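Hi,

Here is the structure I promised to pass on. Have a look at it first, and then read on for what turned up.

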Amino acid sequence: MTQSNFTMGTGFILHGFSDLPSLLQFALIILFLVTYILTMLGNSIIFVIITVDHTLHTPMYYFLKNLSVVEIAFTTVTVPKMVTAFLTKDRSISFVGCAAQMCFFLSFGATECLLLAVMALDRYMAICVPLHYMTIMRKSKCVQLALTTWIMGTVFSICQTSFIFQLNFCKSRYIYHFFCDVPALLRLPCVDTSANEIFNTAASVVLLLLPLLLILLSYIIIFTKISKLKSAQGRRKAISTCASHITSVSLFYGACILSYMQPSSNYGRGKERVFAAFYAFITPMLNPLIYSLRNEEVKTALRKRVFNKT
């Protein structure tokens with residue numbers, strides 16, 4: 001039996017946080033479980049509120065609803081497996097299971113990157129060309145834009161995962177991470193992974209840097225437009241509609257760039273897990289708070305629907 005077939009037959013072992021003291025491991029699992037529950041609850045509330053409240057049936061909130069779905073799926077790919085492994089002490093994951101986890105994780109992550117860029121484009125249209133906003137950002141166009149982000153994210157993840165799992169994993173079965181992530185997997189093959197590194201960098205440029213540049217360009221134009229508004233109230237309202245999105249972009253893109261825009265050989269295991277935990281757990285949990293606490297329309301809808309207050 002070849003080493004490649006051995007790996008396919010036996011799968012991998014997720015190291016997780018097993019190098020930490022048991023008490024600290026337990027504390028981290030509880031933290032991640034609570035984070036997951038809050039993520040599910042917060043994003044579900046945002047999704048339901050936007051769906052049932054007709055005042056929120058606008059392009060901006062349509063994209064926010066899509067973002068909530070992505071966040072729920074994003075965390076569900078990793079947390080249940082991690083908690084189960086801790087409780088059962090079985091940290092193994094099959095070859096197919098690891099590939100599936102990576103594929104879904106990359107798909108939802110890439111979709112979120114592109115969706116955040118589309119949301120920036122939506123803010124640009126709303127603030128800079130308001131007279132044509134509803135004509136351009138009609139429902140069919142919003143559906144097309146959202147669908148494009150999902151399709152592009154899926155295609156990228158399938159290509160990336162297929163490319164990685166064609167390698168011969170013969171160095172070790174141990175993945176020093178709490179899920180099957182690209183940098184951690186690229187340390188295991190006993191063959192040259194430079195082609196994978198190049199593909200990973202190219203994909204990061206397309207899915208991280210280019211959308212980020214689009215976001216930055218959009219906000220440069222937006223803030224130039226806002227600065228020319230004569231009404232102070234108008235400036236505050238325009239800025240408030242952008243503040244939540246800017247905060248979300250800063251948190252998510254910052255951690256993703258630190259994780260994926262450098263060679264896997266540069267990673268320290270502890271640092272890698274910290275970055276991954278931040279964009280995989282913390283950002284999805286914070287987004288509902290960011291978009292609700294800083295948005296008067298969402299807060300009004302929440303009071304009306306949840307607390308039955310007008």
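Let's start with one residue at the surface: Lys-89 counts as exposed, because its relative accessibility is 63% and the cut-off for exposed is over 50%. You'll find Lys-89 in the loop between helix H4 (79-88) and S2. Its backbone is worth a look too, since the phi of Lys-89 is near 65°, a positive value in a residue other than glycine. For background, most residues other than glycine have a negative phi.

Before going further, please keep in mind that this is a predicted model.

Now the whole protein. There are 12 helices and three strands in it. With a radius of gyration of 21 Å, close to the 19 Å that the globule rule gives for 310 residues, the protein is as compact as a globular protein of that length. If you draw a box along the principal axes, the C-alpha atoms fill roughly 70 × 40 × 30 Å. As for the interior, 48% of the 310 residues count as buried. Contacts across the sequence matter for the picture as well: taking those in the protein with a separation of 6 or more, 79% are between residues 24 or more positions apart.

On the outside, the accessible surface comes to about 14,900 Å², and carbon and sulfur atoms hold 69% of that. The protein has 26 positive and 12 negative charges, and the mean positions of these two sets lie 9 Å apart.

Next, the strands. What order do they take in the sheet? It runs S2-S1-S3, as an open sheet with mixed pairing. Strand S2 (92-93) and strand S3 (174-175) are the edge strands, each pairing on one side only. Strand S1 (residues 12-14) pairs with S2 in the antiparallel sense, over two bridges. To find that spot on screen, look for Ile-13, which stands opposite Ser-92 in S2. In general, strands of a sheet pair through backbone hydrogen bonds, either parallel or antiparallel.

Two helix residues come next. Is Tyr-36 buried or exposed? Tyr-36 is buried, as its relative accessible area is 14%, and the cut-off for buried is under 20%. The residue belongs to helix H2 (residues 22-52). Not counting residues up to four places away in sequence, Tyr-36 touches Thr-75, Thr-76, Val-79 and Pro-80. There is also a long jump along the chain here: Tyr-36 and Pro-284 are 248 residues apart in sequence, yet their C-alpha atoms are 8.7 Å apart in space.

The other one is Ser-68, which you'll see in helix H3 (residues 59-76). Ser-68 is buried as well, with a relative accessibility of 2%. Which residues does Ser-68 contact, leaving aside its neighbours within four places in sequence? They are Asn-43, Ile-46 and Phe-47.

Last, two loop residues. Cys-190 sits in the loop between helix H8 (182-185) and helix H9 (194-227), and counts as partly exposed at 39% relative accessibility. Apart from residues up to four places away in sequence, Cys-190 touches Asn-168, Cys-170 and Lys-171. Thr-78 is another matter: Cys-190 and Thr-78 are 112 residues apart in sequence, and 26 Å separates their C-alpha atoms.

Arg-173 is in the loop between helix H7 (139-164) and S3. Arg-173 is partly exposed too, this time at 25% relative accessibility. If you select it together with Thr-149, you'll have a pair that is 24 residues apart in sequence and 34 Å apart in space, C-alpha to C-alpha.

That's the tour. Shout if you'd like to go through any of it together.

Cheers

Notes
Residues are numbered from 1 along each chain as its sequence is written. This is a predicted model: local features need pLDDT of at least 70, side-chain atom pairs count only at pLDDT 80 or more; totals for chains, interfaces and linings use all residues. Side-chain values use heavy atoms; hydrogens and water are left out. Helices (H or I, at least four residues) and strands (E, at least two) are DSSP runs, numbered from the N terminus. The radius of gyration is taken over C-alpha atoms; the globule rule is 2.2 Å times the number of residues to the power 0.38. Buried means under 20% relative accessible area, exposed over 50%, partly exposed in between (1.4 Å probe, protein chains only). Contact means heavy atoms within 4.5 Å. Accessible areas come from the Shrake-Rupley method with a 1.4 Å probe; for residues, only the protein chains shown count as cover. Lys and Arg count as positive and Asp and Glu as negative; His and the chain ends are not counted. The place of a charge is taken as NZ of Lys, CZ of Arg, CG of Asp or CD of Glu. Two strands pair if DSSP finds at least two bridges between them.
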